[in-house]
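User: Please examine the charged side chains of the structure shown below and explain how they pair.

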Amino acid sequence: MDPGAVRDWWRDRRRVTEYLESLLPGWSSSDRAEEREAAEGLRDFAAYIAERLCADLRRYLFRLEEGCYPKDPGPLPELR
């Protein structure tokens, strides 16, 4: 993976969240326990994308560009 591909995915992440949102109503109200349980996983994954993935991807971009993960909380590459 290269930095451009990471940034492209980030810009297009809405497709992933829209897909998760399309599955959630059916799985949440399913008669099958495993689908209701999977709905919790969908919620968790959507929350991760919304809240924490940006920071993780910025650290990953640093690794791709610098060859190692950052050792201190200095500036990280932008995803834009």
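**Salt bridges in the predicted model**

Analyst: In this predicted model, a network of salt bridges links Arg14, Glu18 and Glu21.

User: How many salt bridges does a search of the whole structure find?

Analyst: Side chains of opposite charge can pair when their charged atoms come close. A salt bridge is counted when a side-chain nitrogen of Lys or Arg lies within 4 Å of a carboxyl oxygen of Asp or Glu. Searched as a whole, the structure yields a total of 10.

User: What is the N to O distance between the side chains of Glu21 and Arg14?

Analyst: Both residues belong to the network that also includes Glu18. Glu21 is partly exposed, at 45% relative accessible area, and Arg14 is partly exposed, also with a value of 45%. Their side chains form a salt bridge with an N to O distance of 3.6 Å.

User: Is Arg15, which meets Asp12 in a salt bridge, buried or exposed?

Analyst: The side chains of Asp12 and Arg15 pair at 2.9 Å, N to O. Asp12 has a relative accessibility of 36% and is classed as partly exposed. The class "exposed" requires over 50%. Arg15 has a relative accessibility of 60%, so this residue is classed as exposed.

User: Which residue meets Glu34 in a salt bridge?

Analyst: Glu34 is partly exposed, with 44% relative accessibility. The partner is an arginine that is partly exposed, at 45% relative accessible area. The two side chains meet at 2.6 Å, N to O, and the partner of Glu34 is Arg32.

Note on methods
Residues numbered from 1 in each chain as written. Predicted model: local features only at pLDDT ≥ 70, side-chain atom pairs only at ≥ 80, totals over all residues. Heavy atoms only, no water. Buried < 20%, exposed > 50% of the residue type's maximum accessible area, 1.4 Å probe, protein only.
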